[in-house]
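Thanks for coming. Please bring up the sequence and the model, and I will talk through some of the strands and how they pair.

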Amino acid sequence: MIEYRNLRVALLGGGNVGAQVARLLLEQSEEFANRVGAGLELVGILVRDVDAERTVDLPHELFTTDAESLILGADVVIELLGGIEPARSYILMAMNSGADIVTANKALLATHGPELFAVADQVGAQLNYEAAVAGAIPILRPLRDSLGGDQINRILGIVNGTTNFILDQMDTAGDTLEEALATATDLGYAEADPTADIGGYDAAQKAAILASLAFHTHVPLASVYREGITEVTPAQIESARKAGYVVKLLAICERITDAATGQAGVSARVYPAMVPRSHPLAAVHGANNAVFVEAESAGSLMFYGAGAGGVETASAVLGDLVSLARRHIAGGPGVAASIHADLPVFDIGSITTRYAVTLEVTDEPGVLATLAGVFSDHGVSLALVEQSMTPARPLTSSHAAVPSTATLVIGTHEATEAALAATVTDLAANRFVTTVASVLRVEGA
Ligand code: NAP
């Protein structure tokens, strides 16, 4: 049997994920050596402060602040710093010096992916990034390899644990968004600054990565439509529940045909949407993640599990490492990024989906027919109308009778964003409508 020399593994970052990766590499070194066919020697851990207190007990001599020496002496570099710089420069330095790369850095891949993949291709380096989307859940390699012989038509992902926890709390405990966010912060699910999560920015980065891989097309982050959950109200959650739906923040990657031109392309978007309670994604509770994939031949597949957490994410990083180390000793270049399809990426105006529009209306004869006419004027057909009444205030000596009001929830069939927006503008101006209380997209049916 051929004996291979140990592979020198440099770890950039010893935080939540990095410390767990280091611990597991050290504790299970013999097992990893058997799986790979060569030892994986952890040669150093780059941090900002070598003397900082660590939650995991690791040999002090491994910590360093000398990035260049660590990187240039490594066969494999695992980047777990986060952020754009210096992560980008360190990865480029590592690839140019002959190292293979594992990273969990979604922000970097979503913004500088093409540059990194091009250099990897040029120098023959492997660049693995399973942990960048949905933490512990194996989804990127299944999309790239296991489904490499299929056509992905649509991905619906719950890829941000913080927002799923918040929406789940609002649904199951009746919390407001602020109350649910406070609980998420107390439990360590939300950052001190939760903007990246609740604003949908984190999910948008993951949507860009998923869509690029699934559709063999570079999908820039700038072309991912994004809405966060900050406008989601308890009333919307309640109204969705009554209609048999749950509100989820979805990352949606979809092959579509542009409604106006008939041209085939793709869409990547993030927004809160109503999902039928019977859909597998509706059962994703707490801070968990799930990715629902619709493939041409395989049909529907669901990938579910922990989307974050130090040790959970370390599992995905180490899976990448083992896979890459096996290939490293066998020789040969990494798998190049596959962007040959080069499909047009359409903006939100090109998609069609279904909508649920909640209106407060005055309860007078002819309201329903009039409002149905507004939808029909814009070519939007109705799937269902539900009504609940608020009784009229009684006539007193001091003021005249106030007409009773009603809440109408109107579900549409598939319509374009443009048609729906024009409908909502006309509804808001209609004399029967006191408020357009909510407009939510409906997905997953
Ligand atoms: P973290 O806890 O903040 O750790 C970052 C580590 O990098 C720390 O050890 C820090 O050093 C070091 N570092 C940062 N900037 C540095 C610099 N300029 N020079 C040297 N060292 C530097 O981050 P994390 O949660 O482990 O996340 C790491 C990566 O994994 C990120 O890309 C993140 O998006 C991704 N990820 C994380 C999770 C998760 O659950 N945490 C899930 C999926 C993906 P000090 O310790 O000295 O400060």
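Strand S13 and strand S16, residues 415-416, are joined by two bridges and run antiparallel. Across that pairing, Thr352 sits opposite Thr416 in S16. Keep in mind that this is a predicted model.

S13 covers residues 352-362 and has further partners. With strand S17, residues 433-442, S13 forms eight bridges, again antiparallel. If you want one position to look at there, Val361 faces Val433 in S17. With strand S15, residues 405-412, S13 shares seven bridges, and these two strands also run antiparallel. Here Glu360 has Thr407 of S15 as its bridge partner.

Is S13 mostly covered or mostly uncovered? Mostly covered: eight of its 11 residues are buried.

Now to another part of the chain. Six strands make an open sheet, and their order is S3-S2-S1-S4-S5-S6, with parallel pairing. At the edges are S3, residues 63-64, and S6, residues 127-128, each of which pairs on one side only. In general, strands of a sheet pair through backbone hydrogen bonds, in either the parallel or the antiparallel sense.

Take the S6 edge. Strand S5, residues 100-103, pairs with S6 over two bridges in the parallel sense, and Ile101 is opposite Leu127 of S6.

Which helix touches S1, S2, S4, S5 and S6? That is helix H12, residues 310-330, which packs on the sheet at about 170 degrees to the direction of S5. Helix H1, residues 16-27, lies across S1, S2 and S4. Its direction makes about 155 degrees with S2.

Technical notes. Residues are numbered from 1 along each chain as its sequence is written. This is a predicted model: local features need pLDDT of at least 70, side-chain atom pairs count only at pLDDT 80 or more; totals for chains, interfaces and linings use all residues. Side-chain values use heavy atoms; hydrogens and water are left out. Buried means under 20% relative accessible area, exposed over 50%, partly exposed in between (1.4 Å probe, protein chains only). Helices (H or I, at least four residues) and strands (E, at least two) are DSSP runs, numbered from the N terminus. Two strands pair if DSSP finds at least two bridges between them. Contact means heavy atoms within 4.5 Å. Axes are lines fitted to C-alpha atoms, for helices over the stretch in contact, and angles run from 0 to 180 degrees between N-to-C directions.
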